[in-house]
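Okay, everyone, thanks for coming. Let me put today's model up on the screen, and then we'll walk through the ligand site and the sheet.

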Amino acid sequence: MSEKDLFTSVQLGNIALKNKFVMAPLTRSRSDEKGLANDLMAKYYAQRAGAGLIISEATNISPYAYGYAMTPGIYTEEQVESWKKITQAVHDKDGKIFCQLWHCGRISHKDLMPNSVKPMSASIVKAQAQAFTKNGKVDTSEPQAMSHQDIKNTIKDYVHAAKCAKEAGFDGIEIHSANGYLLHQFLASNCNRRDDQYGGSIENRTRFPLEVISACLEVWDPGQMGVRIAPVSHFNDIETEDPQKDYEYYVSQLNEINLAYIHVIEGHTGEQRKTKFAFDYQQLKNKFRNSYMSNNCLDLQTANELVQSDKADLVCFGRKFIANPDLVARFKKGAELNELREEGLYGGDETGYTDYPFMDS
Ligand SMILES: Cc1cc2nc3c(=O)[nH]c(=O)nc-3n(C[C@H](O)[C@H](O)[C@H](O)COP(=O)(O)O)c2cc1C
């Protein structure tokens, strides 16, 4: 039995996983206006507990974090209670689940903010992107540049959410620093125009994300924490001038913190692994001593190749897990996969959510 067999167990920081398949964080918008998790969500996650690790859908850390209606939160007592049935359902199936902590920053709209304030970001640079209010898709609002007090308050919000995730029974947390959301907005040179200690050099642009991550160490052991990054993805109107240099610096700092893993979206999220920027992921991996999780447009063969050639320790699948609750069992058997359907991808009921057939049904 090879150590590099995707179907065998692996240690991720403090946590032993039953296999090397990870279910990607996937926003499915089945929550409600209070940001609560519910029984339907518990069923959906339990169906997919064959994954070695599930990363929850992105989960809002505060009322100011939202960019999409009907997404869950992890900052009120009621939300904590509601998530307990999900973590329990996954644990009952011998699975593990991390909570992805989310702040959308400028990928939002005033209608989603308390008192209709402007959404927060690094600088006043509006995104050419869309948010989702209860009335549907809308262009994002112009953001406000975060003051030093806003930065302090937001770090506190992350720590509070990290505590809530622990209380809700999650096995760990993943800090979302990808896909053009708040932490990515500080990292990326196209939307961070600050001239204080949070802007300009990469040391400055990583300061806020690193402060957030370090602050969460008050709650979680680094062996139960990971960070998601997307060095060259331009999803949500994000771009940085020198991704290789920037992300090697960021990852070297994450290495100092001794986080369990980095979760890397290789290429443009959901579209392709190759982009106009050539990026050396192996070099990035070499900067980090702990686990490297690879994601984006993988299939079983490419996933195998990555692990066999030491280019990844864990492999993460998104859309294939949506369409195949028993993805790992199907892979193991070489069975055909269900196709993804657009219907019910975001919002709705069990259709397109919990009704994808299992192999033996
Ligand atoms: C419906 C949907 C929802 C998504 N929601 C999230 C999310 O909440 N957090 C996140 O980091 N990425 C999110 N993503 C991106 C996926 O995690 C993943 O990076 C992407 O689908 C590429 O992986 P795949 O080719 O295996 O699907 C989402 C993607 C899809 C299709």
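**The ligand and its barrel**

So, start at Arg228: one of its polar side-chain atoms lies 2.7 Å from an oxygen atom of the ligand, a polar contact being a pair of N or O atoms within 3.5 Å. The protein covers 91% of the 610 Å² of accessible area that the ligand has on its own (Shrake-Rupley, 1.4 Å probe). Quick caveats: this is a predicted model, with local features needing pLDDT of at least 70, side-chain atom pairs counting only at 80 or more, and totals for chains, interfaces and linings using all residues. Numbering runs from 1 along each chain as its sequence is written, and side-chain values use heavy atoms, leaving out hydrogens and water.

Backbone helps too: a backbone N or O atom of Pro25 is 2.8 Å from a ligand oxygen, and a polar backbone atom of Ala58 is 3.1 Å from one.

Now the sheet. What order do the strands take in the closed barrel? Eight of them run E3-E4-E5-E10-E11-E12-E13-E14, with parallel pairing; strands are DSSP E runs of at least two residues, numbered from the N terminus, and pairing takes at least two bridges. E3 (residues 21-23) and E14 (residues 314-317) pair in parallel over three bridges, with Phe21 bridged to Val315 in E14.

Key: Helices (H or I, at least four residues) and strands (E, at least two) are DSSP runs, numbered from the N terminus. A polar contact is a pair of N or O atoms within 3.5 Å; within protein, one must be able to donate a hydrogen and the other to accept it, and residues adjacent in sequence count only if both atoms are side-chain atoms.
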